[in-house]
Amino acid sequence: MARGASPGVEPVVGEPAAVADLSGERALLVADVHAGIEVGLRYERGVELDDRADERRERLSDLLAETDADRLVVLGDLAHRIAAPEGEEREELETLIRAVTDRVPMTLVEGNHDAGVAEAFADDLDVIGAGGGLLGGVGDGGDEARRRRTGGVAVLHGHTWPDPALLDADVVCMGHEHPQVRLEDSVGGSRVERAWLRGRLDPAAFVGDDESAAAAPEDPPELIVFPAFNERSGGTWVNVDGQSFLAPFLPDALPAGDAYLLNGTRLGDFRRL
């Protein structure tokens, strides 16, 4: 999509990342980086894993270059541990943030793991609160905007109820859920892969507020649930019975949505996989 075109969100094939063109600015969007996960697992569970901090940082840097992005937007959970970052985790975050911001500005949508990060790196990051925000839209989100599509891309993490103003967007992007699918072969073998979920959202289920939902545009925005950038962070197996979603508005806010693998393969309605 050319710069300046109407906003859209396109996954980067083979990667847990997408590009959005917003009012002349191209943004690279990722969710759930969970920097410092190896440190966190060591303290939380006594699990020792090889450190992939350099690999995560290089992947982000490479994606910024490959997509010619003007900004990085992290849809929450930049860090893994919920407490204020310290020690090795803080060192990883400092190095990662510096590598990004030496190239482009960085926006963090505050997730449930990010309160300490947002405070510790307030001078280095643009921070959007937990309720989410609009990028690349038109207008100020007031009453007039609620009567017409504001446009743009809405971003949130997804661990709490969103700001109803996000219903004015064309597309809503979220993280938190880490969607995955379990795929089985004809001889009983199985593997788990990260996945995207995409579909029209149900405004009433999304905001949990009938009055706000009634004021939403007649054509509701598309909801895109991002796979986790960090392959070690686990997730919700969306096609396995007994798995519960993490976001308070899922799966109800996505009454019909398709699952896609990172390579672009469409698997069909995630409820019927």
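In which sense do strand 2 (residues 18-22) and strand 3 pair, and over how many bridges? In this predicted model, the two strands run antiparallel and are joined over 5 bridges. Within that pairing, L22 sits opposite E25 of strand 3. The hairpin formed by strand 2 and strand 3 has 2 residues between the strands, and S23 adopts a positive phi near 50° there.

Strand 3 also pairs with strand 4 (residues 71-74), this time in the parallel sense and over 4 bridges. Two residue pairs help to locate this register on screen: A27 has R71 of strand 4 as its bridge partner, and L29 stands opposite V73 in strand 4. Of the 6 residues of strand 3 (residues 25-30), 5 are buried, so the strand is largely enclosed by the rest of the structure.

Stepping back to the whole sheet, 6 strands are arranged in the order 1-2-3-4-5-6, giving an open sheet with mixed pairing. Strand 1 (9-11) and strand 6 (126-128) lie at the edges; each has a single partner strand, so one side of each is left without a neighbour in the sheet. On average, neighbouring strands are turned by 25° against each other, direction ignored. Helix 2 (residues 53-67) packs on this sheet and touches strand 2, strand 3 and strand 4, with its direction at about 150° to that of strand 3.

A second point of interest is D114, located in the loop between strand 5 (106-109) and helix 4 (115-120). This acidic residue is buried yet has no salt bridge, and the nearest side chain of opposite charge, that of R90, is 12 Å away. The side chain of D114 does, however, have backbone partners: a polar atom of this side chain lies 3.0 Å from the backbone nitrogen of L78, and the side chain also reaches the backbone nitrogen of G111 at 2.9 Å. Leaving aside neighbours within four places in sequence, D114 is in contact with G76, D77, L78 and A79, as well as with L108 and V109.

The final site is W161, which belongs to the loop between strand 8 (153-156) and strand 9 (171-174). The side of the story here is accessibility: W161 has a relative accessible area of 42% and is therefore classed as partly exposed, as this value falls between the 20% and 50% cut-offs. Not counting residues up to four places away in sequence, W161 touches G131, the run A205, F206, V207 and G208, and also P248 and F249. The C-alpha atoms of W161 and A247 are separated by 8.3 Å, although the two residues are 86 residues apart along the chain.

Technical notes
Residues are numbered from 1 along each chain as its sequence is written. This is a predicted model: local features need pLDDT of at least 70, side-chain atom pairs count only at pLDDT 80 or more; totals for chains, interfaces and linings use all residues. Side-chain values use heavy atoms; hydrogens and water are left out. Buried means under 20% relative accessible area, exposed over 50%, partly exposed in between (1.4 Å probe, protein chains only). Lys and Arg count as positive and Asp and Glu as negative; His and the chain ends are not counted. A salt bridge is a side-chain nitrogen of Lys or Arg within 4 Å of a carboxyl oxygen of Asp or Glu. A polar contact is a pair of N or O atoms within 3.5 Å; within protein, one must be able to donate a hydrogen and the other to accept it, and residues adjacent in sequence count only if both atoms are side-chain atoms. Contact means heavy atoms within 4.5 Å. Two strands pair if DSSP finds at least two bridges between them. Axes are lines fitted to C-alpha atoms, for helices over the stretch in contact, and angles run from 0 to 180 degrees between N-to-C directions.
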